[in-house]
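Biologist: I am new to reading protein models. Please take me through one part closely, and then show me how it sits among the rest.

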Amino acid sequence: MIIISEFGIKIKNISAGTLYDVNLGTRDYFSYTEAMLNNSLFSAFLIKNGLNVYKGESTRDIICLDFDFGTRSYEDEHKRIEQLYKNSDGELKERLKYTLEKVENNKDLYDEKKREQIRDKFYNEGVDVTYKTKNKDDTIKSEETIHYEMLFRTSAKAKLGKVIFINSELYEVAYEWLTIGLGKLMTDDNAKIVEISAYAPLTTSTIVGTKYIPVEDILILRDQDSFFKTMANIVRAEDYVDSKGRICKKCVVDKKVTEVKNTLWDGMGLIEADYFKDCRNAYNPEWTVKINGMALMRHHLFKMCGFKSHIQLFFKDWCEKTGNDYETYQVQDMFGHWHYLKDIKIITTDNAIKWKKFKDLMGGSLESAYEYWCNKVNEDGSVFGIVKTDHPSKLGEYQQLSYQMVNTLPCTKDDVRDIASTSIEYVELLKQDNNEFEKFLRKNANEVNHYEMMADLYDHNHEFGNSTFFRHEKSKIISAYVYKLRKGKIVVNGDNLTTCGNPYALLLYSVGEDFTKDPTLKSENSVIQCYTTRFQHDEHLCAFRNPHNSPNNICYFHNVYSNEMEKYFEFSKNIIAVNNIETDFQARSNGSDHDSDFVLATNQPTMVKCAAYCYKHYPTIVNDLKESGVVYKNNKSEYARMDNTFSKSRIGIGYSSNLAQLAMTYYWSELQSDNPDPKRLDELSDNFVILSVLAQVIIDSCKRLYEIDGVKEIDRISKLPCMSMKKEVIDKNGNVKTVKCDFPQFMQYTREIKTTKDGKELPFEDIDESRNKLKGRINNDLICPMNWLQEWLDKIQGASKTTTIPTENFFIKMDGTASSAQVTKIMKIINEYDNAIKALNSLSVERDEYVDSLAEIAKNTLDQISHMKIGNKKTINRLIEIALGIGKKYAGRDFKLKNPQKYARKILNTVYQYNHEKFLSNFVICK
């Protein structure tokens with residue numbers, strides 16, 4: 001048995017462009033970063049079927065290719081290197097001279113290709129990767145070449161252009177298992193490659209545990225819809241002629257009364273509470289997984305969010321009430337199969353079964369398709385993967401808002417102060433109370449930052465809190481926290497709650513009762529009823545779902561307890577049941593479903609007041625865009641064409657959000673002007689309404705294509721006259737010129753300025769120029785909630801002026817001689833650590849992937865130093881001395897860092913992580 005790390009199996013994430021150049025012979029090595037093949041049902045299958053795993057840690061049988069950029073022609077590469085050569089000197093000039101000669105020698109090998117062309121080539125032909133092992137003298141010891149074939153692209157990686165390739169020897173068995181044999185059955189014309197690419201990788205999702213669930217114990221019913229007539233903003237497509245005379249489609253908004261649809265149980269299910277007791281941990285089968293009230297389950301083309309329910313208790317009570325025999329009573333599923341009530345452990349609907357989209361390949365009918373799927377699940381032992389469970393916020397009773405949430409609230413300047421009061425008062429407390437600051441450090445400590453070290457130094461000696469070093473670091477940390485608040489990340493009482501729709505109605509439906517008469521959640525004027533134990537009975541709530549771009553998407557809830565909900569559902573405080581019967585919840589929350597979508601819910605009074613206002617005055621948005629008629633064939637070139645389309649479109653998610661908040665800011669500013677222009681208000685309102693829909697369209701692009709090109713439509717909106725704000729300025733020569741002044745003040749915090757490129761720090765002049773360009777576009781006349789937040793944060797008092805104590809007063813200088821070789825080696829490792837983090841910061845990666853990569857870099861750094869076995873106390877003492885800038889400068893021959901204090905945090909924290917006790921022994925302890 002192979003024991004796999006809880007992080008998964010290490011693989012290489014390779015730049016496709018550099019790999020193409022290597023195989024051409026124009027480049028010596030390909031660029032890559034460390035990545036992970038996460039623990040999943042798929043990885044477990046591969047391990048059982050021949051995946052070569054080295055020491056339970058890594059494999060070469062799987063690689064991830066990043067189609068980030070194309071390759072240059074000989075002319076472009078020669079011109080680039082020649083320019084660098086002319087602008088360099090010394091050792092670098094010599095290296096570039098050698099590179100220039102090599103480029104010239106390889107002139108005939110160059111073959112310029114765009115990244116889309118490289119993708120098509122690699123998808124069709126596969127790709128070779130040669131791994132070389134070197135001797136100590138840098139000569140080649142051995143070589144291994146593996147041929148890979150494209151296997152799948154996950155929706156999470158799509159916007160980054162990343163795709164999983166597998167050793168060709170494993171391709172057939174892996175592809176057959178992933179697609180349950182459907183991939184090869186698809187015809188060439190009108191093939192469902194969009195759907196198979198979206199749903200086949202469900203089994204590749206990271207799992208925290210597994211659960212044996214006999215398919216026969218699952219009751220699958222046909223989902224039901226409920227309609228609600230209300231005033232709405234309907235976003236539809238309309239033809240127009242662009243500047244080049246081409247007929248294109250754009251989005252327009254119709255404001256009228258319409259019927260809004262909810263699919264009642266879309267993607268959710270109910271799971272018998274006893275089933276949650278013995279779920280196995282994915283990393284160690286001896287452990288169990290703690291599930292409070294929800295588990296997101298995966299299997300072949302199956303995705304269901306299961307909620308902890310007392311199904312059997314309901315069936316017994318129902319049988320007693322209706323006079324039926326619990327032991328013998330049966331109900332029928334949507335496929336015609338009968339199930340004894342006593343055997344049913346899970347109730348779900350057809351929206352959880354993605355395989356129904358392929359019924360034509362599975363026998364032609366839903367009944368035959370069901371049998372096909374059951375057989376495939378049983379072949380794998382009926383073991384379902386648990387992808388995630390519910391858990392409370394890391395911030396305790398608080399949850400963090402986003403700038404989009406803050407900026408869409410119809411509120412006053414004083415309202416913003418009230419909403420931000422918890423965060424502002426907390427900052428003031430942190431500044432005044434070192435004990436509270438210590439709690440902050442421990443709560444926010446992670447594998448990378450130095451917060452735990454700071455907390456232990458303070459705990460070691462409270463007087464250290466007055467040291468120059470501690471006071472400086474505290475100021476920096478609090479400033480960073482305030483900077484975070486400036487991005488809208490203020491906290492309010494609340495949490496992220498996983499949504500489910502009318503769970504009691506699903507129980508009624510399962511036994512043939514009238515589910516529309518759900519007594520637990522009822523239709524109510526101007527508010528949507530919900531049930532969550534996170535808040536009190538009869539409280540009103542404000543809620544947001546991401547992506548959130550508009551006040552039209554703010555939800556207003558009324559929390560209602562009932563005997564039935566408390567008796568039959570064992571929900572944690574991180575679950576919210578929402579009424580979907582005769583409401584507009586799903587459209588209101590921007591097309592949400594119930595397959596683990598969540599809302600941020602809060603009872604903050606001012607926000608609740610805003611939610612009530614929004615529900616009355618900002619009509620719900622309805623997406624009336626039609627799916628496109630794009631047809632694909634079942635071949636690798638078509639897969640490449642599809643993935644190139646997705647990769648381009650998903651770039652628009654952040655773009656649409658930023659643009660929506662520009663429109664939102666202009667809207668608030670116009671609304672509060674002396675003479676608001678109704679036409680301009682309508683135009684701006686239409687823009688953020690459309691952008692709200694486009695954000696969801698782009699996210700859904702991995703599952704379906706629409707008649708609108710999301711990126712082009714966002715670009716069109718950005719160029720509308722109402723989105724343009726300019727002013728006249730006098731340049732240094734006295735000439736009047738028109739410049740853009742289109743950014744609200746808060747965007748200097750929400751729009752990131754790049755400080756690195758290709759892993760290297762950009763020159764200060766370049767960074768400063770980018771900052772100045774951004775500042776030059778700031779329009780201080782704009783009025784919006786996020787700008788008011790900046791004003792309130794500006795009022796926070798500065799740091800304490802109390803005299804500090806020199807840090808060296810707390811440092812114990814030890815006698816003896818440090819190991820010069822170890823100090824030099826450690827400093828080099830720290831330098832490499834710093835460079836690795838800068839390289840990571842230069843990449844566009846998902847938040848979760850970034851955090852995992854950061855932790856992995858820190859772990860590798862600590863492993864290197866741990867293997868050195870530092871036995872000399874003076875060596876650690878000297879490293880601390882160097883970091884703090886105490887005593888004479890380091891004079892080691894090979895030590896080339898000009899300013900070691902620049903790396904003070906990393907040096908100190910690395911030594912601290914190496915050995916807490918040895919580190920603290922270098923500081924005076926509190927007596």
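Modeller: What follows starts with one small sheet, then moves to charged pairs, a second sheet and the cavities. Keep in mind that this is a predicted model.

Start with the small sheet. It is open and has three strands, in the order β10-β9-β27. The pairing in this sheet is mixed. Find β10 at residues 247-263 and β27 at 620-623. These two strands stand at the edges. Each has a single partner strand, so one side of each is left without a neighbour in the sheet. Neighbouring strands here are turned by 35° against each other on average, ignoring direction.

Now look at the pairing of β9 and β10. Strand β9 covers residues 225-241. It pairs with β10 in the antiparallel sense, over 17 bridges. Pick out F227: the residue opposite it is K261 in β10.

Two helices pack on this sheet. Helix α22, residues 678-699, touches β9, β10 and β27. The direction of α22 makes about 85° with that of β10. Helix α23, residues 710-718, touches β9 and β10. The direction of α23 makes about 105° with that of β10.

Stay with K261. Which side chain meets that of K261 in a salt bridge? The partner is D225, with N and O 4.0 Å apart. K261 belongs to strand β10 and D225 to strand β9, and they are 36 residues apart in the chain. How exposed are the two? K261 is partly exposed, at 44% relative accessible area. D225 is partly exposed too, at 38%. Side chains of opposite charge can pair when their charged atoms come close.

That pair belongs to a wider picture. A search of the whole structure finds 42 salt bridges. Take R905 and E473 next. Their closest N and O atoms are 2.7 Å apart. This pair links distant parts of the chain, with the two positions 432 residues apart. R905 is in helix α30, residues 904-914, and E473 is in helix α15, residues 468-486. R905 is partly exposed, at 36% relative accessibility. E473 is at 5%, which counts as buried because the cut-off for buried is under 20%.

R777 and D742 form another salt bridge, again given as N to O, at 2.7 Å. R777 lies in the loop between α25 (764-776) and α26 (785-794). D742 lies in the loop between β29 (736-740) and α24 (747-750). The pair therefore ties together parts that are 35 residues apart in sequence. R777 is partly exposed, with a relative accessible area of 27%. D742 is buried, at 7%. Salt bridges can also join into a network, as they do among R72, E77 and R80.

Next comes a sheet of eight strands. This sheet is open, with mixed pairing, and its order is β8-β17-β11-β14-β13-β18-β7-β12. β8 and β12 (280-281) are the edge strands, and each pairs on one side only.

Begin at the β8 edge. Strand β8 covers residues 218-221. I218 and I220 point one way, L219 and L221 point the other way, and all are buried. β8 pairs with strand β17, residues 346-349, in the parallel sense over four bridges. In that pairing, L221 stands opposite T349.

Move on to β11, residues 268-272. β11 and β17 run antiparallel and are joined by three bridges. Here L270 stands opposite I347. Helix α9, residues 311-322, packs on this sheet and touches β11, β14 (302-309) and β17. The direction of α9 makes about 80° with that of β11. Helix α16, residues 503-510, lies across β8, β11 and β17, and runs at about 75° to β11.

Finally, turn to the empty space inside. How many cavities of 30 Å³ or more does the structure hold? There are three. The largest cavity has about 150 Å³ of space. Its lining is made of 15 residues. Nearest its centre are L151, F152, Y175, S197 and Y639. Four elements each supply at least two residues of this lining: β5 (140-152), α7 (168-178), α8 (193-199) and α20 (636-649).

Methods: Residues are numbered from 1 along each chain as its sequence is written. This is a predicted model: local features need pLDDT of at least 70, side-chain atom pairs count only at pLDDT 80 or more; totals for chains, interfaces and linings use all residues. Side-chain values use heavy atoms; hydrogens and water are left out. Two strands pair if DSSP finds at least two bridges between them. Axes are lines fitted to C-alpha atoms, for helices over the stretch in contact, and angles run from 0 to 180 degrees between N-to-C directions. Contact means heavy atoms within 4.5 Å. Buried means under 20% relative accessible area, exposed over 50%, partly exposed in between (1.4 Å probe, protein chains only). On a 1 Å grid over the protein atoms alone, a cavity is a set of points where a 1.4 Å probe fits but cannot get out, and a pocket is an open set with protein on both sides within 12 Å along at least five of seven lines; lining residues have an atom within 4 Å of a point. Grid points are joined across faces, edges and corners, and a volume is the space filled by probe spheres set on the points.
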